[in-house]
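Trainee: I should like a close look at a single part of this model, the place where the two chains meet, together with the elements that lead into it. Please give one connected account.

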Amino acid sequence: MDHPLTANIRPGEGPPDIEAYGKAGGYRALQKVLKEADPKGLIQTVMDSHLRGRGGAGFPTGRKWSFVPPGDRAAHPVYFIINADEMEPGTFKDRLLLEGNPHLLIEGTIIGAYAIQADIAYIFLRQEYTLAKRSCSRAIARAYERGYLGKNILGSGYSLELYLHTSAGRYICGEETALLNALEGRRAIPRAKPPFPPVTGLWGKPTIVNNVETICNVPIIVEHGADRFRELSRSVDGGTKLYGVSGRVKRPGLWELPMGATIREILEEHAGGMRDGFKLRGIIPGGASTDFLAADQLDVKMDFDSVAAAGSRLGTGTMIILDDRTCPVGMVLNLIRFFARESCGWCTPCREGLPWLARILEAIENGEGRPRDLDILRRHTGLLAPGHTFCALAPGAVEPLQSALTLFEEDFNRHIRENRCPWRK
Amino acid sequence: MLTPEELTEIQAELARYEQKRGGCIEALKTVQRHRGWISDETLAELADFLEMTPAELGSVSTFYNLLFRKPVGRHVILVCTSVSCWVMGMGDLLEHIEKKLGINLGETTADGRFTLLPNVCLGACDRAPVLMIDSDLYGDPDVKTIDEILAGYV
């Protein structure tokens with residue numbers, strides 16, 4: 001029970017089918033939930049488990065569910081949506097769960113939908129995850145055959161339809177209100193909040209949007225209880241976490257560890273440390289829109305509060321490593337270019353500000369930077385901060401930039417002083 | 001004209017959404033699957049069928065990265081240009097592919113065989129640098145293996 005999320009995943013072998021999943025205890029949690037018939041108690045259990053959203057924001061899952069108006073006060077249909085639009089650069093954790101054990105996700109989806117008494121559920125999947133599409137479609141079909149989905153599930157009187165929606169590709173679809181617009185067949189532009197989706201979501205109906213990894217934890221909580229789930233963690237947040245490392249390390253990959261494992265443990269023990277000939281210079285801890293941590297912050301625990309206290313965010317928990325043979329200015333340019341390209345264009349600071357930042361960084365990287373460029377960059381990290389834009393895209397985009405300007409200030413200065421990128425051949 | 005086959009597939013998708021327009025992205029993807037891309041004529045017919053205006057459906061179609069409003073090659077190469085792949089040397093690999101095919105990102109080869117497009121992080125960063133050709137993912141190919149891989153798509 002140390003690795004409840006990944007225990008039944010065998011890379012290279014394909015996902016367990018419904019028989020194998022059932023044999024390993026699968027769909028027992030669903031049966032328990034339907035027998036107890038206590039959606040309110042279920043939400044309380046998830047609150048007690050201290051499960052926080054694994055998509056990046058870390059919002060307590062049980063609390064989110066509790067915002068759906070209960071019973072006949074809710075407008076129906078109520079929707080439950082799985083955000084499987086994993087696109088945060090450097091993030092590859094949901095892919096493992098979607099390809100490796102789709103029934104865990106489906107069981108969690110049915111339980112979560114039951115908690116808020118949803119009528120319809122969608123898995124919102126990015127188009128490029130073709131293997132995941134196959135594994136999820138097959139698993140959904142099997143779950144219908146067994147009576148875990150559809151009308152009157154296992155004779156409980158509860159009914160749920162689950163559909164797989166594959167997106168047409170755009171980073172902003174991962175933002176939950178943009179995702180709702182995409183599902184309504186519109187441009188995926190974030191919506192003004194409030195009203196929040198639990199009250200006014202898809203087609204104006206109560207809607208919960210949860211990340212894949214978050215929901216895969218739900219059957220585990222139901223089966224083993226909130227106390228046991230909290231004990232899996234080394235922090236105040238319950239459960240385990242899928243941590244990942246990419247960049248010039250010996251063994252890039254993913255590992256399920258207690259929430260609150262340190263960066264050192266993940267980077268040195270599991271990823272095998274830096275490749276020979278490369279030195280660690282910085283760590284982006286949780287996907288592209290989190291602040292750089294310095295090479296000497298290895299003892300930071302990878303849980304929501306500890307990473308925040310260290311000056312960044314846990315985000316998706318998948319780290320990107322900056323080594324000494326990679327230009328930090330070039331790396332930030334790559335990140336800002338990405339966000340500029342993927343901006344939905346709806347609000348001005350993001351649409352205009354990000355391309356401007358990209359042009360300045362490009363000039364510095366090409367040896368055409370001027371000393372006052374750094375002031376312009378710094379000012380923009382404030383201008384694009386939370387509260388100035390419609391959604392979190394631009395504030396997220398400037399996180400790695402603002403920390404790079406401090407941590408790698410001398411590298412920026414050197415580009416400008418020497419009129420060249422010192423890393424270019 | 002939308003073919004009976006396309007219409008059947010689109011109808012099946014529409015049933016999954018509270019309102020007809022909810023299925024419009026699936027509908028656009030369906031015609032693209034059959035025709036390779038979405039022309040103005042196709043878009044207008046589809047809009048009519050979905051009870052949307054061509055302008056409305058057009059605005060949706062131009063928003064999404066993987067809906068093609070221009071003809072593309074027989075095979076579409078999606079190159080991950082995001083940060084982990086950049087750190088791991090996508091720059092050199094991409095330069096090689098561009099030289100080999102004689103096109104830049106965003107272009108199609110003269111023989112209509114390949115279209116080369118930049119893509120959002122492909123979510124396989126432990127295998128960086130990665131690219132996709134049609135629906136196949138390739139992790140960390142070197143210059144020699146990429147030539148062999150490309151040769152497999154005629």
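**The chain A–chain B interface and its surroundings**

Mentor: In this predicted model, strand 7 (residues 280-284) and strand 9 (residues 318-323) of chain A pair in the antiparallel sense, over four bridges. Within that pairing, Leu280(A) has Asp323(A) of strand 9 as its bridge partner. Both strands belong to an open, mixed sheet of five strands in chain A, with the order 6-5-9-7-8. Strand 6 (253-258) and strand 8 (293-294) of chain A are at the edges and have a single partner strand each, so one side of each has no neighbour in the sheet.

From strand 9 the account moves towards the interface. Cys327(A) is found in the loop between strand 9 and helix 14 of chain A. Its relative accessibility is 5%, and Cys327(A) therefore counts as buried, the cut-off being under 20%. Leaving out residues up to four places away in sequence, Cys327(A) touches Glu365(A), His415(A), Cys421(A) and Trp423(A), and also Trp86(B) of the other chain. By contrast, Gly108(A) is 42 Å from Cys327(A), C-alpha to C-alpha, with their positions 219 residues apart in sequence.

Next comes the interior. The largest nonpolar core has 117 residues, and Leu354(A) and Tyr64(B) are the members that touch the most others. Helix 14 (residues 328-342) of chain A gives the most to this core, namely nine residues. Residues up to four places away in sequence aside, Leu354(A) is in contact with Ile336(A), Phe339(A), Ala340(A), Pro349(A), Leu384(A), Leu393(A), Ala394(A) and Ala397(A). A second core, separate from this one, has 59 residues, among them Leu5(A), Ile116(A), Ile140(A) and Leu164(A).

The interface itself can now be described as a whole. On chain A, 55 residues are in contact with 42 residues of chain B. The two chains bury about 4,000 Å² between them, and carbon and sulfur atoms give 55% of this area. Ala168(A), Arg187(A) and Trp203(A) supply 15% of what chain A buries against chain B, which is more than any other three residues. As for polar interactions, 27 residue pairs are in polar contact between the chains, both residues being at pLDDT 80 or more. Strand 3 (161-166), helix 8 (176-183), strand 9 and helix 14 of chain A are the elements that give two or more residues to the side of chain A touching chain B. Helix 14 of chain A has the largest share of that side, with seven residues. The rule finds one salt bridge across the interface. A salt bridge joins the side chains of Lys205(A) and Glu18(B), at 2.6 Å from N to O.

Two loop residues add detail. Glu184(A) is placed in the loop between helix 8 and strand 4 (207-211) of chain A, and it is buried, with a relative accessible area of 5%. The side chain of Glu184(A) reaches the backbone nitrogen of Trp203(A) at 2.5 Å. Beyond four places in sequence, Glu184(A) touches Arg191(A), Gly201(A), Leu202(A), Trp203(A) and Gly204(A), along with Arg21(B) and Gly22(B) from chain B.

On the other chain, Thr62(B) is in the loop between helix 4 (54-61) and strand 1 of chain B. With 54% relative accessibility, Thr62(B) counts as exposed. Apart from its neighbours within four places in sequence, Thr62(B) is in contact with Arg187(A) and Arg69(B). A polar atom of the Thr62(B) side chain also lies 3.3 Å from the backbone oxygen of Ser59(B).

The loop of Thr62(B) precedes strand 1 of chain B, and this strand completes the picture. Strand 1 (residues 75-80) pairs with strand 3 of chain B in the antiparallel sense over three bridges, and Ile77(B) stands opposite Ile133(B) there. Strand 3 (residues 130-133) of chain B is covered on both faces, with Val130(B) and Met132(B) buried on one side and Leu131(B) and Ile133(B) buried on the other. Strand 3 also pairs with strand 4 (residues 136-139) of chain B, in the antiparallel sense and over four bridges; here Leu131(B) stands opposite Tyr138(B). These two strands of chain B form a hairpin with two residues between them, and Asp134(B) in the turn has a positive phi of about 50°.

Terms used. Residues are numbered from 1 along each chain as its sequence is written. Chains are lettered from A and ligands numbered from 1 in the order in which they are written. This is a predicted model: local features need pLDDT of at least 70, side-chain atom pairs count only at pLDDT 80 or more; totals for chains, interfaces and linings use all residues. Side-chain values use heavy atoms; hydrogens and water are left out. Two strands pair if DSSP finds at least two bridges between them. A nonpolar core is a set of buried Ala, Val, Leu, Ile, Met, Phe, Trp, Tyr and Cys residues joined through side-chain atoms within 4.5 Å. Buried means under 20% relative accessible area, exposed over 50%, partly exposed in between (1.4 Å probe, protein chains only). Contact means heavy atoms within 4.5 Å. Buried area is the accessible area (1.4 Å probe) that two parts lose on being put together, summed over both. A salt bridge is a side-chain nitrogen of Lys or Arg within 4 Å of a carboxyl oxygen of Asp or Glu. A polar contact is a pair of N or O atoms within 3.5 Å; within protein, one must be able to donate a hydrogen and the other to accept it, and residues adjacent in sequence count only if both atoms are side-chain atoms.
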